[in-house]
Amino acid sequence: MKKVIGITLILALIAGISFTGCKKYDDGPTISLLPKKMRLVNEWETEKVIYNGVDQGTNASWENETIEFKSNGDYVYTAASGSSSNSITGNWEFDNNNEDLKTTITFLGITSTSISKILRLKSNELWLEHTDNGNVTETHLASKN
């Protein structure tokens with residue numbers, strides 16, 4: 001009986017050491033049973049924007065914004081205002097060993113690519129950090145579903 005308890009404790013210690021460092025993103029999760037793609041494919045709405053470390057508070061400009069990442073690598077960004085809405089479509093992929101999210105759009109023959117660092121990727125939370133000309137924007141999104 002003591003041998004079984006000893007082996008169980010050793011296995012628990014090894015498992016604990018193994019899972020330390022499994023955390024891919026700065027703000028978690030530590031471990032997930034769902035693959036990254038399954039967690040990202042969803043319709044998201046902006047909850048919070050932090051610009052250069054300052055919480056931007058409630059802002060009507062993003063209150064009606066959604067982004068839908070599709071399993072085929074497409075995405076649709078939609079901004080609604082009153083009774084009208086505008087959508088932009090593009091492609092997405094993981095980059096930099098799945099630590100970054102790369103989005104690409106082509107509009108009027110011009111292709112634009114944006115790379116955001118993934119800070120958190122859960123089935124109901126997505127936090128992205130984007131740096132442009134030294135300005136850092138952290139966007140917190142929540143699952144719309």
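Residues are called buried under 20% relative accessible area, exposed over 50% and partly exposed in between, computed with a 1.4 Å probe on protein chains only. The model is predicted; local features need pLDDT of at least 70, side-chain atom pairs count only at pLDDT 80 or more, and totals for chains, interfaces and linings use all residues. Numbering runs from 1 along each chain as its sequence is written, and side-chain values use heavy atoms, with hydrogens and water left out.

**View 1. Salt bridge between K102 and E93.** A salt bridge is a side-chain nitrogen of Lys or Arg within 4 Å of a carboxyl oxygen of Asp or Glu. The side chains of E93 and K102 form such a pair, at 3.8 Å from N to O. E93 is partly exposed, with a relative accessible area of 40%, and K102 is partly exposed as well, at 23%. The whole structure holds five salt bridges.

**View 2. Salt-bridge network of R120, K122 and E125**. E125 pairs with R120, their closest N and O atoms being 3.1 Å apart. The side chain of E125 also meets that of K122, at 3.6 Å from N to O. Shared partners thus join R120, K122 and E125 into one network. R120 counts as buried at 18% relative accessibility, whereas K122 is partly exposed at 31%.

**View 3. Surroundings of S143 in strand β9**. Strands (E, at least two residues) and helices (H or I, at least four) are DSSP runs numbered from the N terminus. Strand β9 covers residues 135-143 and includes S143, a residue that counts as buried at 15% relative accessibility. Its side chain makes a polar contact with the side chain of N42 at 3.0 Å. A polar contact is a pair of N or O atoms within 3.5 Å; within protein, one must be able to donate a hydrogen and the other to accept it, and residues adjacent in sequence count only if both atoms are side-chain atoms. Contacts in general (heavy atoms within 4.5 Å) link S143 to N42, E43, W44, E45, S123 and N124, leaving aside neighbours within four places in sequence.

**View 4. I50 in strand β1**. Strand β1 spans residues 42-51 and contains I50, which is buried with a relative accessible area of 16%. The C-alpha atoms of I50 and T137 are separated by 5.7 Å, although the two residues are 87 apart along the chain. Not counting residues up to four places away in sequence, I50 touches D55, V136, T137, E138 and H140.

**View 5. Lining of the largest pocket**. The lining comprises 24 residues, of which I67, Y77, S116, L128 and T139 lie nearest the pocket centre. Elements that each supply at least two lining residues include α3 (60-63), β3 (65-69), β4 (74-81) and β7 (110-121). A pocket here is an open set of points on a 1 Å grid over the protein atoms alone, where a 1.4 Å probe fits, with protein on both sides within 12 Å along at least five of seven lines; lining residues have an atom within 4 Å of a point.

**View 6. Positive phi at N96 and N97**. Most residues other than glycine have a negative phi. N96 has a positive phi of about 55°, and phi of N97 is near 60°. N96 is in the loop between β5 (84-95) and β6, as is N97. N96 is partly exposed at 44% relative accessible area, while N97 counts as exposed at 59%.
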